[in-house]
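Ready for some practice in reading a protein structure? Take each exercise in turn, and try it yourself before you look at the solution.

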Amino acid sequence: MIAESVRLKAQVVSTDEKEGDLRRVLNFGHTLGHAFEAATGYKTFLHGEAVAWGMIAAANIAAQFGICDKQLYDRIRTATLAWGALPSVTLQSGRALQLLQSDKKTERGNVHFVLPEQIGKVEIVNNVPEHAITSALAEIRRLSRA
């Protein structure tokens, strides 16, 4: 699985060396993942753990807006959590929103989320309302205590 993931990533990067929209698909889970890392001073989460929580949050946001159905959200959540326990998330919404604004992928105040439509297909969205982010974070905090 790791070798196939590396092969796919290399294919995307070589096709889109300037980090256009194709390469942005690799950022699935990174938007909130970076916020989790920054909020804890890069000491609580391994990068993959933060991105895993970010993937679940992104899938949650996508389901909230009908970009994907609840079954896909459930599938992504279940598959991600099946890999093992992840550190608890305590990041509060206000702090997360603040950190999102300072993320390196934020352009002119627009936070970009990579949201799944189906397995292997994503939509890049830059107008996710705060209430959707807040709701996804509440779900992540709940799941991380389960």
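## Exercise 1: Two helices side by side

In this predicted model, H4 and H5 are roughly antiparallel to each other. Your task is to show how that follows from the axes of the two helices, and then to find the residues that meet.

**Solution.**
- Step 1: The axes of H4 and H5 cross at roughly 170 degrees and come within 9 Å.
- Step 2: Angles over 145 degrees count as roughly antiparallel, so H4 and H5 earn that description.
- Step 3: On the H4 side, the residues that meet H5 are Ala52, Trp53, Met55, Ile56, Ala59, Asn60 and Ala63. Their partners in H5 are Tyr73, Ile76, Arg77, Thr80 and Leu81.

## Exercise 2: Checking the span of a helix

Your task is to compare the expected span of H7 with the distance between its end C-alpha atoms.

**Solution.**
- Step 1: Helix H7 covers residues 130-145, which makes 16 residues.
- Step 2: The expected span is 1.5 Å times one less than the number of residues, so H7 should span 22 Å.
- Step 3: The end C-alpha atoms of H7 are 23 Å apart, which agrees.
- Step 4: Now look at the surroundings. Among the buried residues of H7 are Ile133, Leu137, Ile140 and Ser144. The buried residues of this helix pack against H3, H4, H5, H6 and strand S1.

## Exercise 3: Naming an aromatic pair

The structure holds one aromatic pair. Your task is to decide how the rings of Phe36 and Phe45 are arranged.

**Solution.**
- Step 1: The ring centres of Phe36 and Phe45 are 6.0 Å apart, and their planes stand at 35 degrees.
- Step 2: Planes under 30 degrees apart count as stacked and those over 60 as edge-to-face, with the rest tilted. The pair of Phe36 and Phe45 is therefore tilted.
- Step 3: Phe36 counts as buried at 1% relative accessibility, and Phe45 counts as buried at 8%.

## Exercise 4: The setting of one threonine

Your task is to work out whether Thr31 is buried or exposed, and what surrounds its side chain.

**Solution.**
- Step 1: Find Thr31 in helix H3, which runs over residues 30-39.
- Step 2: Buried means under 20% relative accessible area. Thr31 has 10%, so Thr31 is buried.
- Step 3: A polar atom of the Thr31 side chain lies 2.7 Å from the backbone oxygen of His112.
- Step 4: Leaving aside neighbours within four places in sequence, Thr31 is in contact with Leu100, Val111, His112 and Phe113.

Note on methods
Residues numbered from 1 in each chain as written. Predicted model: local features only at pLDDT ≥ 70, side-chain atom pairs only at ≥ 80, totals over all residues. Heavy atoms only, no water. Helix = DSSP H or I, 4+ residues; strand = E, 2+ residues; numbered from the N terminus. Buried < 20%, exposed > 50% of the residue type's maximum accessible area, 1.4 Å probe, protein only. Polar contact = N/O pair within 3.5 Å; in protein donor to acceptor, adjacent residues only side chain to side chain. Contact = heavy atoms within 4.5 Å. Phe/Tyr/Trp six-rings, centres within 6.5 Å; stacked < 30°, edge-to-face > 60°. Axes fitted to C-alpha atoms, helices over the stretch in contact; angles between N-to-C directions. Parallel < 35°, antiparallel > 145°, perpendicular 65-115°, else oblique.
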